[in-house]
Amino acid sequence: MTHYVEGMGNPFYSSALAAANRGWSVFPLRPGAKQPALHGEQHCPSTGDCTGGHAKWERRATDNPLQLERAWAHGAEYNVGIATGPSGLVVVDLDVPKNGKSDMPDGMATFQALCERAGQPVPSTYTVRTASDGWHLYFTAPAGARLGNTAGKLGPLIDTRAWGGYVVAEGSVVSGGVYQGNHAPAAPLPQWLTQALTTSPTPPRPAPAPQPGRGSAYAEAALRNETANVERAPKGSRNAALVRAARALGRLIASGDLDRTRVEEALNWAGVAAGLRERECTAALTSALNWSIAHNTGRRTA
């Protein structure tokens, strides 16, 4: 690995060089933000990296010291982005709950539970604490596998970045918070995590069978029909179908004909089967059911 001499007295430039010294490909991000600070296709000069056509950030990321020096020249305070795919990295992004949902486990707690269920220790590797108090766990990508990004595949508030993705590097500043690393080497991605990221998700469980004595025949038929409608919804209308089903069944919850937990479980499984993420389903269901129940309380289904 080639090591470059830090200089210029610019901490952002030093962060870019530190990442390059690890063999990672970097590019500038907007000062104080996470977005790339590169020209767009409409303003492409068709020179340099773009001579053969507009090159996006993944192709323009580099560990070349001369290019880094030009990018961070004159004290430029660009944050540093690391293109994970070209850098041979898989980064596990452990987020924290937003909107004050303090009762929800954060990504680190969920990841620790995931490791425990797999009978594996929490991996020791290069780790960065993000500006929002989340964590980035860096791993070297497995040979022969071209992993992409995932969102929620490993669990709630756990995303991964590989080909097609990037992360904000140590030393960058976002909303006044600094990304801070532990300087350990990046460990190979554990085999059990590789398998989890490359294995197709388990098919959704079927909706619960009707329970004798629970709800009217009409309510049970409505539950089956609405669940099927969501599961069959075509791409582009899945979320709308989920909301419609929740609002329709919400009035049966309000009337006492259906149990809310059963409805949530059935529609959540149907939404995931249709291609929605579980987090999307949960948010849409909660909102739609709350609205329907509030607007139908006291009404009884004929």
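**Exercise 1. Work out whether valine 178 is buried, partly exposed or exposed, then find its surroundings.**

*Solution.* Start with the accessibility: valine 178 has a relative accessible area of 39%, and that makes it partly exposed. The cut-offs behind this step are under 20% for buried and over 50% for exposed, with partly exposed in between. Keep in mind that we're working with a predicted model here.

Next, place the residue: valine 178 sits in strand 10 (residues 177-178). Now look for its contacts, skipping the neighbours within four places in sequence. Valine 178 then touches Arg129, Thr130, Ala131, Gly171, Ser172 and Val173. Take threonine 130 from that list: it is 48 residues from valine 178 in sequence, yet their C-alpha atoms are 7.0 Å apart in space.

**Exercise 2. Find where serine 25 is, and decide whether it is buried or exposed.**

*Solution.* Go to the loop between helix 1 and strand 1, and there you'll find serine 25. Its relative accessibility is 11%, so serine 25 counts as buried. To see what is around it, leave out residues up to four places away in sequence. What serine 25 touches is then Ala61, Thr62, Asp63, Gly81, Ile82, Ala83, Pro86 and Ser87.

**Exercise 3. Put the strands of the open sheet in order and say which of them stand at the edges.**

*Solution.* Begin with the pairings of strand 2 (residues 79-83).

- Strand 1 (residues 26-29) pairs with strand 2 in the antiparallel sense, over four bridges. Along this pairing, proline 28 is opposite valine 80, and leucine 29 is opposite asparagine 79.
- Strand 8 (residues 166-168) is also antiparallel to strand 2, and three bridges join them. Here isoleucine 82 faces valine 167.

Put those together and you get an open sheet of three strands in the order 1-2-8, with antiparallel pairing. Strand 1 and strand 8 each have a single partner strand, so they stand at the edges, and one side of each has no neighbour in the sheet. From one strand to the next, the twist averages 35°.

Now check how covered strand 2 is: five of its five residues are buried. Asn79, Gly81 and Ala83 are on one side, Val80 and Ile82 are on the other, and both faces are covered.

**Exercise 4. Describe how helix 1 lies on the sheet strands and how enclosed it is.**

*Solution.* First the placement: helix 1 (residues 11-21) lies across strand 1 and strand 2, and runs at about 15° to strand 2. Then count: nine of the eleven residues of helix 1 are buried, so the rest of the structure largely encloses it. The buried ones are Phe12, Tyr13, Ser14, Ser15, Ala16, Leu17, Ala19, Ala20 and Asn21. Finally, ask what they pack against: strand 1, helix 3 (65-71), strand 2 and strand 9 (173-174).

**Exercise 5. List the buried residues of helix 5 and name some of what covers them.**

*Solution.* In helix 5 (residues 191-198), the buried residues are Trp192, Leu193, Thr194 and Leu197. Their cover includes strand 3 (89-94), helix 4 (107-117), strand 6 (150-155) and strand 7 (158-161).

**Exercise 6. Describe how helix 9 packs with helix 7 and with helix 8.**

*Solution.* You need two values for each pair: packed helices are described by the angle between their axes and the distance between the axes.

Take helix 7 (residues 238-254) first. Its angle to helix 9 is about 40°, and the axes are 7 Å apart. That makes helix 7 oblique to helix 9, and their crossing is right-handed. Among the helix 7 residues in the contact are Leu242, Val243 and Ala246, and among those of helix 9 are Ala284, Leu285 and Ala288. Sort the contact residues by class and you find twelve nonpolar, four polar and two charged.

Now helix 8 (residues 260-274). With helix 9 (residues 278-296), the angle is about 140° and the axes are 10 Å apart. Helix 8 is therefore oblique to helix 9, and this crossing is right-handed. Residues of helix 8 in the contact include Val263, Leu267 and Val272, which meet a set in helix 9 that includes Cys281, Leu285 and Ile293. By class, there are seven nonpolar, five polar and three charged residues.

Conventions:
Residues are numbered from 1 along each chain as its sequence is written. This is a predicted model: local features need pLDDT of at least 70, side-chain atom pairs count only at pLDDT 80 or more; totals for chains, interfaces and linings use all residues. Side-chain values use heavy atoms; hydrogens and water are left out. Axes are lines fitted to C-alpha atoms, for helices over the stretch in contact, and angles run from 0 to 180 degrees between N-to-C directions. Helices (H or I, at least four residues) and strands (E, at least two) are DSSP runs, numbered from the N terminus. Angles under 35 degrees count as roughly parallel, over 145 as roughly antiparallel, 65 to 115 as roughly perpendicular and the rest as oblique. A crossing is left-handed if the near helix is turned anticlockwise from the far one by less than a right angle, and right-handed if clockwise. Contact means heavy atoms within 4.5 Å. Ala, Val, Leu, Ile, Met, Phe, Trp, Tyr, Cys and Pro count as nonpolar, Asp, Glu, Lys and Arg as charged, and the others, Gly among them, as polar. Buried means under 20% relative accessible area, exposed over 50%, partly exposed in between (1.4 Å probe, protein chains only). Two strands pair if DSSP finds at least two bridges between them.
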